[in-house]
Amino acid sequence: MCADMDLRDRSFLMKREGVRHGDRLFPLEKYDVVLSEEFPLVPAHWHEEAEFTWIRSGSCVYHIDLCDYPVGEGDVILLPPRVLHSAGSFPESRMVSESFVFHMNFPGAGGSDLCSMKYLRPFANREVQFPYVFSPGHSVNPHLRDLMSRLSKLYESQEEGYELLMKSLFLELFYRIWPFRLQKTASVSSREQSEKLKLVLDYIDLHLESPIAISTLAEICCFSESHFMRFFKTHVGMTCTEYINALRLERAWQLLQSGRYSVIDAAFSSGFHNLSYFYRVFKKKYHMTPKEALTQVE
C-alpha cells in the first residue's frame, strides 16, 4: 500500500529540518510526541540524523519513503538518516510516543574502526537496510523497548557518566537489529520520487513568506501541473495548497506564542497577506482568533 503522505514543542517539522538535535559534542535529543485531534500531523520532513521511536499508546500512520506504515502501541520505529517521513493521527484518536533523534557520529559512524566500517556506516549510508517498524510480535521488539526505557531514564537523570552508557546502548541497538537486515533496497524510481519531493518541501520552506506557484513546484519535479498535484497529494496526504496553509498556520502559531510578533507581523511573516482570510483559517484550526492566541502569551 505505497503512498506518502503535534506537539507544540516540535510542531514545525518539515522539509530538511533546520533544527539541530543536541550539539556537536553530544548530537542527540529526546522528544515526547503527542498527536491528537488538535495537533494531528507531523509534516513531511527529513534530517541528517537517525531516529529511534517507541509508540507508547494510541495509533497513527507513519509515512516513510513514500509508503504507509500504520503503527500502534508497542511498535518500535527505526529510521536511517535522510529518510523522508511524516506522521498523522486518525480522527478522534491520540498517539503518544518517545523519540531519540541522534547523529550517527554519536555511536561512532565517523570513526575508522571495524565497527564503524562494517556496521554503522553502511546503515548511515543506507547500504544496509532494516525494517522501519518492529512490531510487538517481532522477536527483537522486547529488547528494543527495553533499550528505549533505559535510554529515557538515563537521558532524564543525567547521572555522572550517563553519556558513556547511552553510547553503549545505541551500539547494542545495532547489535540487536543486525540479524534482521533486509536484502531488498528501495527501487531507483522510488528514490528518485522521494528526492524530488524533498526538493519541493525545501523550496516551500524557503519561500513560505512569499506567494508559491504550483507551476514553479511542478517545474522542480519536471512534471506537468496536473501530474504534480496528483503526485503531491498521493505522497503527502493532502493537496499542495492545504500543506502550504498548514505550515503557514503552524509558523504563525509559533510566532504568536513567542510573544515577539504582533498579529499582523506574524501573519505576513508566515505568508498570509490577506488578514481576514488569516483570521478565518486560524480560528478554524485553533478554535481561537490570532489576537486571543497572542493574549494567552501576554
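**Figure 1. Helix 2 from end to end, in a predicted model.** Let's start with a ruler check on helix 2. With 17 residues at 1.5 Å a residue, helix 2 should span 24 Å, and its end C-alpha atoms are indeed 24 Å apart, so the two values agree. Just past the helix comes Gln 158, and its phi is positive, near 50°.

**Figure 2. The two sides of helix 2.** Which residues of helix 2 are buried? They are Asn 141, Leu 144, Leu 147, Met 148, Leu 151, Ser 152, Leu 154 and Tyr 155. Look down the axis of helix 2 and these buried residues fall within an arc of 165°, so they line one face of the helix. Here's a handy bit of background: an α-helix has 3.6 residues a turn, so residues three or four places apart point the same way. Now turn to the other side of helix 2, where Pro 142, Lys 153 and Glu 156 are exposed.

**Figure 3. What covers the buried residues of helix 2.** The cover includes several strands: strand 2, strand 4 (50-57), strand 7 (76-79), strand 9 (95-102) and strand 10 (133-134). Helix 3 is also part of the cover.

**Figure 4. Helix 3 gets the ruler treatment too.** Helix 3 has 16 residues, so at 1.5 Å a residue it should span 22 Å; the end C-alpha atoms are 23 Å apart, which agrees. Buried in helix 3 you'll find Tyr 162, Met 166, Leu 169, Phe 170, Leu 173, Phe 174 and Ile 177. Their arc around the axis is only 145°, which puts them on the same side of helix 3. On the other side of helix 3, Leu 164 and Tyr 175 are exposed.

**Figure 5. Inside the largest nonpolar core.** This core has 33 residues, and the ones that touch the most other members are Leu 28, Phe 52, Met 104, Leu 144, Met 166, Phe 170 and Leu 173. Two or more residues come from each of strand 4, strand 7, strand 9, helix 1 (114-124), helix 2 and helix 3. Which helix gives the most to this core? That's helix 3, with seven residues. Apart from this core lies another one, of 24 residues, and among them are Ala 44, Leu 197, Leu 201 and Tyr 243.

**Figure 6. Met 104 and the residues it touches.** Leave out residues up to four places away in sequence, and Met 104 touches Ala 50, Pro 81, Ala 109, Leu 120, Phe 123, Ala 124 and Phe 174.

**Figure 7. A salt bridge between Lys 30 and Glu 156.** The closest N and O atoms of this pair are 3.9 Å apart. Lys 30 sits in strand 2 (residues 28-35) and Glu 156 in helix 2 (residues 141-157), so the pair ties together parts that are 126 residues apart in sequence. Is Lys 30 buried or exposed? Lys 30 is buried, with a relative accessible area of 12%. Glu 156, on the other hand, is exposed, at 55%.

**Figure 8. A salt bridge between Arg 150 and Glu 172.** Here the closest N and O atoms are 4.0 Å apart. This pair also links distant parts of the chain: Arg 150 belongs to helix 2 and Glu 172 to helix 3 (residues 162-177), 22 residues apart. Arg 150 is partly exposed, with a relative accessible area of 35%, and Glu 172 counts as partly exposed as well, at 23%.

**Figure 9. A salt bridge within helix 4, and a network elsewhere.** How far apart are the closest N and O atoms of Lys 198 and Glu 195? They are 3.2 Å apart, and the pair forms a salt bridge. Both residues lie in helix 4 (residues 188-206), three residues apart, about one turn of the helix. Lys 198 is buried, at 6% relative accessible area, while Glu 195 counts as partly exposed, at 42%. As for the network, salt bridges that share partners join Lys 30, Asp 32, Arg 56, Glu 98 and Glu 156. The full count comes to 12 salt bridges.

**Figure 10. Stepping back to the chain.** The protein chain has 10 helices and 10 strands. Of its 298 residues, 51% count as buried. The chain exposes about 14,600 Å², and carbon and sulfur atoms supply 53% of that area.

How values were computed:
Residues are numbered from 1 along each chain as its sequence is written. This is a predicted model: local features need pLDDT of at least 70, side-chain atom pairs count only at pLDDT 80 or more; totals for chains, interfaces and linings use all residues. Side-chain values use heavy atoms; hydrogens and water are left out. A salt bridge is a side-chain nitrogen of Lys or Arg within 4 Å of a carboxyl oxygen of Asp or Glu. Helices (H or I, at least four residues) and strands (E, at least two) are DSSP runs, numbered from the N terminus. Buried means under 20% relative accessible area, exposed over 50%, partly exposed in between (1.4 Å probe, protein chains only). The expected span of a helix is 1.5 Å times one less than its number of residues. The arc is that of the directions from the helix axis to the C-beta atoms. Contact means heavy atoms within 4.5 Å. Accessible areas come from the Shrake-Rupley method with a 1.4 Å probe; for residues, only the protein chains shown count as cover. A nonpolar core is a set of buried Ala, Val, Leu, Ile, Met, Phe, Trp, Tyr and Cys residues joined through side-chain atoms within 4.5 Å.
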